There are 2 protein chains.
Amino acid sequence: MSKNKKLCLRLVREGESHVTAEQVWEAARKEVPGIVMATVYNNLNALAAEGLISRIQVANTKDRYDRTLSPHFHLVCDRCGSMRDLMELPVPTEQMDLLLEGDRYSLELIAHHICKSCQEAPL
Amino acid sequence: MSKNKKLCLRLVREGESHVTAEQVWEAARKEVPGIVMATVYNNLNALAAEGLISRIQVANTKDRYDRTLSPHFHLVCDRCGSMRDLMELPVPTEQMDLLLEGDRYSLELIAHHICKSCQEAPL
DNA sequence: TATAGATTTAGAATAATTCTAAATCTATAA
DNA sequence: TTATAGATTTAGAATTATTCTAAATCTATA
């Protein structure tokens, strides 16, 4: 594991949850001033592919990277894209299992809202 | 309602469900040869804003437009982006309501899989 | 020390969608 | 009919997050 990859992993683990590649890059630059976005993307995506972090993709928002690996759902602000974890809601999957007859699937549950600070912000 | 807007509405209502703007454009061109993508986007998004059709946005897929207005969930192929409706699964919302204390939210449930034809296709 | 493979860099490319400003159309009022 | 304001459409540029490419550099081992 390269120095930069380790750094990316640490920053995702230590920073706030649901960081964007840009946020990781900003933090990484403090330790490796010349580091480039492509490197951060490379490493974050590699880490996600290896299952060391998770990558959360929601339409109209920047991809986010998360240290939490266990499946859970998200609350996303449609205005600023900020993301919070939801406790794992018990989504009943029996009907899905029946419908898909053994076909593998993964569930993504997103609750959309306008977060407090956006509600209070003008415009 | 302009001629083109009516046309877009009809094409979403008559075509297959979950059409992309591009598919609507292809169909629209047969009736209005000079019509431009921006017009299709304009009209589809206006129709969605007015609640006459719905717009479904999933990360990494083209936006899709749907005649179905009642809330329901989607099964999306991660390879080709094709989309099917899911019967409305009973997602328990009491915990969400508690968590968000009166804050308005909308739920989006997406099941990701690889569709049959992609499973059978090479690569 | 040589070398192959991995990593990083810089910058171009991608692609769906939106934006902009000008042109055109449409409906109503004079 | 004509004038006019507003809506609609057009053409093409812009946006933007992310990916790609090819060259440069680094690293670990033989």
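Colleague: Which atom does a polar side-chain atom of N45(B) lie 2.9 Å from?

Modeller: A phosphate oxygen of DNA strand C: the polar side-chain atom of N45(B) lies 2.9 Å from it. Bear in mind that this is a predicted model. A polar contact is a pair of N or O atoms within 3.5 Å, so this pair qualifies.

Colleague: Which side chains of chain A have an N or O atom 3.1 Å or 2.5 Å from a phosphate oxygen of DNA strand C?

Modeller: For S2(A), the distance is 3.1 Å. For T39(A), it is 2.5 Å.

Colleague: How do I read the surroundings of DNA strand C as a whole?

Modeller: Start with the residues near the strand, meaning those with a heavy atom within 4 Å of it. There are 15 around DNA strand C, and N4(A), T39(A), Y41(B), N45(B) and D63(B) come nearest. By class, five are nonpolar, seven polar and three charged. Then look at the DNA side: 86% of the strand C atoms within 4 Å of the protein belong to sugar or phosphate, the rest to bases.

Colleague: Which element supplies the largest share of that surface?

Modeller: α3(A), with four residues. Helix α3 (37–49) of chain A and α3 (37–49) of chain B each supply at least two.

Colleague: And what surrounds DNA strand D?

Modeller: Here too 15 residues surround the strand, the closest being Y41(A), N45(A), D63(A), N4(B) and T39(B). Sugar and phosphate make up 86% of the strand D atoms that come within 4 Å of the protein. D63(A) uses a backbone N or O atom, 2.5 Å from a phosphate oxygen of strand D. The largest share of this surface, four residues, comes from α3(B).

Key:
Residues are numbered from 1 along each chain as its sequence is written. Chains are lettered from A and ligands numbered from 1 in the order in which they are written. This is a predicted model: local features need pLDDT of at least 70, side-chain atom pairs count only at pLDDT 80 or more; totals for chains, interfaces and linings use all residues. Side-chain values use heavy atoms; hydrogens and water are left out. A polar contact is a pair of N or O atoms within 3.5 Å; within protein, one must be able to donate a hydrogen and the other to accept it, and residues adjacent in sequence count only if both atoms are side-chain atoms. Ala, Val, Leu, Ile, Met, Phe, Trp, Tyr, Cys and Pro count as nonpolar, Asp, Glu, Lys and Arg as charged, and the others, Gly among them, as polar.
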